[in-house]
Amino acid sequence: MSNAFSLFVIIATLGSLLVFTLLLVLNRKVSNPGQTTGHEYDGIEEYDNPLPAWWFWGFLLSIVFALGYLIYYPGLGNFEGLSGWTSAKQLAQQQAEADERFGPVFAQYRAIPVEELADVPAAMRMGQRLFASSCAPCHGSAGSGTFGFPNLTDHEWQWGQSVDQVQATLLNGRMATMPAWSTVLDAYGIRDVTEYVVQLSGREADAGQAATGQTQFNQFCAACHGMDGKGQPLLGAPDLTNDIWLYGGSREQITDVLRKGRNGRMPGFADRLDEDRIHILNAYVRSLAPQ
Ligand code: HEC
Ligand code: HEC
């Protein structure tokens, strides 16, 4: 918060405490019990008795408490308070405590190879919870993905399915580079290649256009997607011969990918999750896909 705003907060806070105190002290009646305020209705009068002493002193005490609180804890603008407490520090401390407590629980599975961990139900329950908190926002709670976020429950692995490949995906993340082709291919070129991609995926396609498209595919696309279109995990180039699509399989959607290119990005978790947790997640994610 800016210094001016901080000053404003300090003045407003202390000022209102001061006004409360003055109101309380200056209006205090000490002795005239039995007097009335002069209000009368239907013969009923209102006494003007002093405030009960316990109430008066209780209120003053709460103001003193508030001052003490504002000195000890952060509350007055940018002033940090004598205790040095912040919610961020508290969170870090609680996380450290949780790590100390749960660390060994995760660590005990480290000795079990990823391939065998899928058969340990307790580890998979942990994997599911880790997935729910770290991965589900993008991949969905069941891992089934959505447009631009891969379905992890199918048999296509853009970046490879081996333990090492998945480990690399989770630790370092992945950055896909599918170039845009609108400057290389004209509208007909894009149409023809689209037609060839449709044919590759095993669907009905215009044979003439697909044949022209195939020549262009071999020239421009095969380097990444392979001559057979089956993809290349090293580059994250997806298999185009099945009917599994990250960005949709209609002609319009394929055309759009070809025109604009795509750069899907999977964030790396090396700095957010320790290797014990990644180990469990690796097994969990691989267990989602058909074996
Ligand atoms: C430099 C390597 C490279 C080249 C060259 C390349 N691609 Fe790609 N392509 C990729 C990568 C990587 C992806 C995945 C993009 C992502 O995940 O965001 C991709 C994605 C796609 C998709 C989307 C698949 C889906 O599941 O939605 C299609 C379709 C496609 N490419 C077709 C082509 C065609 C046709 C060409 C040639 C005109 C081509 N690509 C050239 C690397 C390449
Ligand atoms: C910010 C969104 C986001 C989060 C969070 C995220 N992912 Fe991803 N993930 C992606 C995207 C996008 C891709 C595809 C990248 C590409 O286009 O190549 C991906 C790809 C993957 C792949 C590769 C799939 C394949 O076919 O090879 C795996 C495995 C994966 N994610 C697992 C996870 C796990 C496990 C977590 C949690 C620790 C996670 N992801 C968290 C967005 C995310």
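Start with the contacts across the whole chain: among those with a separation of 6 or more, 61% join residues 24 or more positions apart. Keep in mind that you're looking at a predicted model.

**Zoom out**

Show the full chain as a cartoon. You should find eleven helices and four strands. Now switch to C-alpha atoms and turn the view along the principal axes: the atoms fill a box of roughly 105 × 50 × 45 Å. How does the radius of gyration of the chain stand against that of a compact globule of 291 residues? The globule would come out near 19 Å, but the chain has 34 Å.

Next, turn on the surface. About 18000 Å² is exposed, and carbon and sulfur atoms supply 59% of that. As for the inside, buried residues account for 34% of the 291 residues in the chain.

**Stop one: a greasy spot on the surface**

Select Leu18, Leu22, Val25 and Leu26. These four make a nonpolar patch on the surface, and together they have about 400 Å² of accessible area. Click on Leu26 and you're in helix H1, which covers residues 3-26. Is Leu26 buried or exposed? Its relative accessible area is 67%, and the cut-off for exposed is over 50%, so Leu26 counts as exposed.

**Stop two: the aromatic cluster**

Now select Phe65, Tyr69, Tyr72, Tyr73 and Trp85, and show their side chains. They form one aromatic cluster. Across the structure there are eleven aromatic pairs. One of them is Tyr72 with Tyr73: the ring centres are 5.1 Å apart, the planes sit at 85°, and the pair is edge-to-face. Tyr72 is partly exposed, with a relative accessible area of 45%. Tyr73 is partly exposed too, at 28%.

Stay on Tyr73 and look across to Trp85. What kind of pair do the rings of Tyr73 and Trp85 make? Their centres are 6.1 Å apart and their planes are at 90°, so this pair is edge-to-face.

Where do Tyr73 and Trp85 lie in the chain? Colour helix H2 (53-72) and helix H3 (87-107), then follow the loop between them: Tyr73 and Trp85 are both in that loop. The pair therefore ties together parts that are twelve residues apart in sequence.

Finish by clicking on Trp85 itself. Its relative accessible area is 37%, so Trp85 is partly exposed.

Definitions and conventions: Residues numbered from 1 in each chain as written. Chains lettered and ligands numbered in written order. Predicted model: local features only at pLDDT ≥ 70, side-chain atom pairs only at ≥ 80, totals over all residues. Heavy atoms only, no water. Patch = residues over 30% accessible without salt bridge, like charges linked within 9 Å, V, L, I, M, F, W, Y side chains within 5 Å. Areas by Shrake-Rupley, 256 points an atom, 1.4 Å probe, with all protein chains shown as cover. Salt bridge = Lys/Arg side-chain N within 4 Å of Asp/Glu carboxyl O. Helix = DSSP H or I, 4+ residues; strand = E, 2+ residues; numbered from the N terminus. Buried < 20%, exposed > 50% of the residue type's maximum accessible area, 1.4 Å probe, protein only. Rg over C-alpha atoms; globule rule 2.2 N^0.38 Å. Contact = heavy atoms within 4.5 Å. Phe/Tyr/Trp six-rings, centres within 6.5 Å; stacked < 30°, edge-to-face > 60°.
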